[in-house]
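Me: Could you take one stretch of this chain and go through it closely, setting it against the whole chain where that helps? I would like one connected account rather than a list.

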Amino acid sequence: MSDFNIIRLHHVSLNVTDLEKARHFYVEGLGMIETASDDKQLFLRAIDDANHHCLVLRQADQPSLHHLAYRVSSEAELAQLEELFLAEKLPLRWVEKGEEQGQGRALRIQDPQGFPVEFFCEMDRVKPLMQNFHLHRGAKIKRIDHANCLVRDIDQAYQWYTEKLGFRCSEYTVSGEAKERLWAAWLHRKPSVHDLAMIREIGPRYHHTGFWIDDAKTILDACDHLASIGYHQNIERAPGRHGTSNAFFVYVRDPDGHRTELYTGDYFTNDPDWEPIRWELNHPQRATFWGTLPPASWREEAMPVQHILSGELLDVQPPV
């Protein structure tokens, strides 16, 4: 297993078609804090954040995933990662300091499944607002938690992230086919259920970004808040509790259809003798512990991803 010191998923960058509509949803609806903006991009953070941003919204012609970003412990890690990615012959480019506002030099790649992924070490610091309670609004998002990606070849993706980058598995789902095979995996670097979830599906497509909320009551209050300012139709999957991860959730969608999970209540995973929890795909309490099924849109719809060099959106293909 790799010894790279990847800390956690740090931020996500999304392409949106109307920056002002997106601002209203994320700031007035979800209560995120605007750190900086111009006419082409918006940098947002959450209540606990001590760094410049955890979400970037970029003006574009089509909604898509621009990139996911993981933080590493040192600049030396970036050089070591470059060696790996060059050996793997992955599309790669350096993002110079300041090219993404507030962020130091970063290494951006297209991972083997086609996802745009960035690694960086330094970011401008800001004051966390944990005790500025008068600024806690909307969903009262505390921090980013995870990304959920739909991948064509989950066996290859699982092997690459665990063996090459040192991610660990907290839970996994196997399909009920004659020959059992991996269907989904929850992988982590921080000591919780996941920084990255992967599901075997038509891909590459981006399913959702998960943000940590203090408790289930705050999630219910967030639904009331969203509905009261006109976003009742943006609540896609009603509040519930996952079987996988044990988390309490609600899923909402922004004006472009980007999906956000408001998420709380998972568990510690960093004990050395931790054994991943196994689920079967047909388990009636896997997706929702209470047994309710996700809506068709949640099962079928997801965002395309952008190529890091050309800027074009990648074609999607059936799973292998």
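Reply: Helices and strands here are DSSP runs, a helix having at least four residues in state H or I and a strand at least two in state E, and they are numbered from the N terminus. With that in hand, Ser-245 can be placed in the loop between β14 and β15 of this predicted model. Ser-245 is a suitable starting point for a closer look.

Although Ser-245 sits in a loop, it counts as buried, because its relative accessible area is 3%, under the 20% cut-off. Apart from neighbours within four places in sequence, it is in contact with Glu-171, Val-193, Tyr-263, Gly-265, Asp-266 and Tyr-267. Asn-246 lies in that loop as well, which runs between β14 (235-241) and β15 (248-253), but its exposure is described otherwise: Asn-246 is partly exposed, because its relative accessible area is 36%. Its phi is near 65°, a positive value in a residue other than glycine. Most residues other than glycine have a negative phi, and most peptide bonds are trans. Lys-89 offers a parallel elsewhere in the chain, with a positive phi of about 60° although it is not a glycine. Lys-89 is found in the loop between α2 (75-87) and β6 (92-95), and it counts as exposed because its relative accessibility is 72%, over the 50% cut-off.

From Ser-245 the contacts can be followed to Trp-212, since Tyr-263, Gly-265 and Asp-266 occur in the contact lists of Ser-245 and Trp-212 alike. Trp-212 is found in strand β13 and counts as buried at 14% relative accessibility. The other residues that Trp-212 touches, leaving aside neighbours within four places in sequence, are Ile-141, Lys-142, Arg-143, Asp-145 and Thr-264. A longer separation can be given for Trp-212 too: its C-alpha atom is 16 Å from that of Val-27, a residue 185 places away in sequence.

Asp-145 leads on to Asp-195, for it is listed among the contacts of Trp-212 and of Asp-195. Asp-195 has its place in the loop between β11 and β12, and it is buried, with a relative accessible area of 0%. Sequence neighbours within four places aside, its contacts include Arg-8, Leu-9 and Tyr-70, together with Asp-145, His-146 and Ala-147, and also Phe-167, Leu-187, His-188, Arg-189 and Lys-190. Its C-alpha atom and that of Pro-284, 89 residues apart along the chain, are separated by 25 Å.

The contact between Asp-195 and Leu-187 brings strand β11 (residues 182-188) into the picture, because Leu-187 lies there. Leu-187 is itself buried, with a relative accessible area of 0%, and its contacts beyond four places in sequence include Val-193, which is listed for Ser-245 as well. Others in the list for Leu-187 are Tyr-158, Tyr-161, Thr-162, Phe-167, Arg-168 and Cys-169, as well as His-194, Leu-196 and Met-198. Between Leu-187 and Ala-197, which are ten residues apart along the chain, the C-alpha separation is 6.0 Å.

Ala-197 in turn is one of the residues touched by Asn-148, the others being Ile-199, Tyr-206, His-207 and His-208, with residues up to four places away in sequence not counted. Asn-148 lies in strand β9 (residues 143-151), and it is buried, with a relative accessible area of 6%. Between β12 (196-200) and β13 (205-212) comes the loop that holds Pro-204, and here a cis peptide bond joins Gly-203 to Pro-204, with omega at about 5°.

As for the record, the unreviewed UniProt entry carries the annotation "domain: VOC" over residues 8-122 and 143-265. The chain over residues 8-122 is 21% helix and 41% strand, and its end C-alpha atoms are 13 Å apart.

The whole protein chain has five helices and 17 strands. Its radius of gyration is 19 Å, close to the 20 Å given by the globule rule for 320 residues, so the chain is as compact as a globular protein of that length. Of those 320 residues, 57% count as buried, and Ser-245, Trp-212, Asp-195, Leu-187 and Asn-148 are each buried. Among contacts between residues at least 6 apart in sequence, 69% join residues at least 24 apart.

Conventions:
Residues numbered from 1 in each chain as written. Predicted model: local features only at pLDDT ≥ 70, side-chain atom pairs only at ≥ 80, totals over all residues. Heavy atoms only, no water. Rg over C-alpha atoms; globule rule 2.2 N^0.38 Å. Buried < 20%, exposed > 50% of the residue type's maximum accessible area, 1.4 Å probe, protein only. Contact = heavy atoms within 4.5 Å. UniProt positions renumbered as here; feature names shortened; annotations may be inferred.
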